Amino acid sequence: TEELWKSDGTDWRLIGQRTGVKNANGARYYDVVETNELTLSGADETWAGAFPAGSLNRALSLRVTQLVTSGDGATDFDVGDGTTVDMFANAVAFALNTTKTPADRTADPNGIAAKDVVITAVAGTFSGGKVRLCAAYKLLTAPTA
């Protein structure tokens, strides 16, 4: 087990531990779950690089950690990848502690490609609130010998 840290260019943060299998030539296969909390404002918010390039994307889950609000009529939101607006979840309620799991997805996020996560207000904009997201993916490193 190793600790996995990530820099946003200013600060380093522990994003979890990764466990995996190492073969005789030094290649490793890791399961990773990364977490990020977004503060919502405007029409949408993006978690850039939630699924890194070269990762095997598996799933996304979320929890509303602070009541989401809108000043212009939005009552729910979709969670997608910037191309498919509701890939991970659609019509997510603004209520505190609302959750969504991979069972709520509308499209399969699997694939080996970098992928953002985009939260989009439906029929309006956000004026506040927070959502915690967890992205699960797998990584394979090259052999060391």
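Trainee: How do the elements of the chain run from the N terminus on?
Mentor: They run β-β-β-β-β-β-β-β-β-β. In this predicted model, the secondary structure comes to 0 helices and 10 strands.

Trainee: And what box do the C-alpha atoms fill?
Mentor: Roughly 60 × 30 × 25 Å, taken along the principal axes.

Trainee: What share of the 145 residues is buried?
Mentor: Buried residues make up 36% of the chain. The chain exposes about 7,600 Å², and carbon and sulfur atoms supply 50% of that.

Trainee: What about contacts between residues at least 6 apart in sequence: how many of them join residues at least 24 apart?
Mentor: 69% of them do.

Trainee: OK, on to the sheets. What's the strand order in the open sheet of 4 strands?
Mentor: The order is 4-9-6-7, and the pairing is antiparallel.

Trainee: Which ones are the edge strands?
Mentor: Strand 4 (44–51) and strand 7, each of which pairs on one side only. On average, neighbouring strands of this sheet are turned by 20° against each other, if you ignore direction.

Trainee: How many bridges join strand 4 to strand 9?
Mentor: There are 5 bridges, with the two strands running antiparallel. If you want a spot to look at, find W47, which stands opposite V117 in strand 9.

Trainee: Let's switch to strand 10. How many bridges does strand 3 make with strand 10?
Mentor: Strand 3 and strand 10 (residues 128–140) pair over 11 bridges, in the antiparallel sense. One position to check is L38, whose bridge partner in strand 10 is V131.

Trainee: And strand 5, how does that run relative to strand 10?
Mentor: Antiparallel again: 10 bridges join strand 5 (residues 56–69) to strand 10. There, Q66 stands opposite K130 in strand 10.

Trainee: Salt bridges next. What does the count come to?
Mentor: It comes to 3 salt bridges. One of them is between the side chains of K138 and D31, at 2.4 Å from N to O. That pair links distant parts of the chain, with K138 in strand 10 and D31 in strand 3, 107 residues apart.

Trainee: Why does D31 count as partly exposed?
Mentor: Because its relative accessibility is 38%, and the partly exposed class lies between under 20% for buried and over 50% for exposed.

Trainee: Which residue does E37 form a salt bridge with?
Mentor: With R132, and the closest N and O atoms are 3.3 Å apart. E37 lies in strand 3 and R132 in strand 10, so this salt bridge ties together parts that are 95 residues apart in sequence. E37 counts as partly exposed at 33% relative accessibility, and R132 also counts as partly exposed, at 36%.

Trainee: What does K115 meet in a salt bridge?
Mentor: The side chain of D81, at 3.5 Å from N to O. K115 is in strand 9 (residues 115–121), while D81 sits in the loop between strand 6 (76–80) and strand 7 (89–93), so to speak 34 residues away along the chain.

Trainee: Are K115 and D81 buried or exposed?
Mentor: Both K115 and D81 are buried.

Trainee: Staying with buried residues, where is V79 found?
Mentor: V79 is in strand 6. With 0% relative accessibility, V79 counts as buried.

Trainee: Which residues does V79 touch, leaving out those up to four places away in sequence?
Mentor: Among them are L60, L62, V85, F88, V92, V117 and I119. The list also includes D86 and M87.

Trainee: How far apart are V79 and R132?
Mentor: In sequence, 53 residues; in space, 12 Å from C-alpha to C-alpha.

Trainee: Last topic, the surface. Which residues make the nonpolar surface patch?
Mentor: V21, Y29 and L140 make the patch, which is about 320 Å².

Trainee: Where does Y29 lie?
Mentor: In strand 3 (residues 28–39). That is the strand that pairs with strand 10 in the antiparallel sense.

Trainee: And why is Y29 counted as partly exposed?
Mentor: Because Y29 has 36% relative accessibility.

Terms used. Residues are numbered from 1 along each chain as its sequence is written. This is a predicted model: local features need pLDDT of at least 70, side-chain atom pairs count only at pLDDT 80 or more; totals for chains, interfaces and linings use all residues. Side-chain values use heavy atoms; hydrogens and water are left out. Patches are made of residues with over 30% relative accessible area and no salt bridge: like charges are joined within 9 Å, nonpolar side chains (Val, Leu, Ile, Met, Phe, Trp, Tyr) within 5 Å. Accessible areas come from the Shrake-Rupley method with a 1.4 Å probe; for residues, only the protein chains shown count as cover. A salt bridge is a side-chain nitrogen of Lys or Arg within 4 Å of a carboxyl oxygen of Asp or Glu. Buried means under 20% relative accessible area, exposed over 50%, partly exposed in between (1.4 Å probe, protein chains only). Two strands pair if DSSP finds at least two bridges between them. Axes are lines fitted to C-alpha atoms, for helices over the stretch in contact, and angles run from 0 to 180 degrees between N-to-C directions. Contact means heavy atoms within 4.5 Å.
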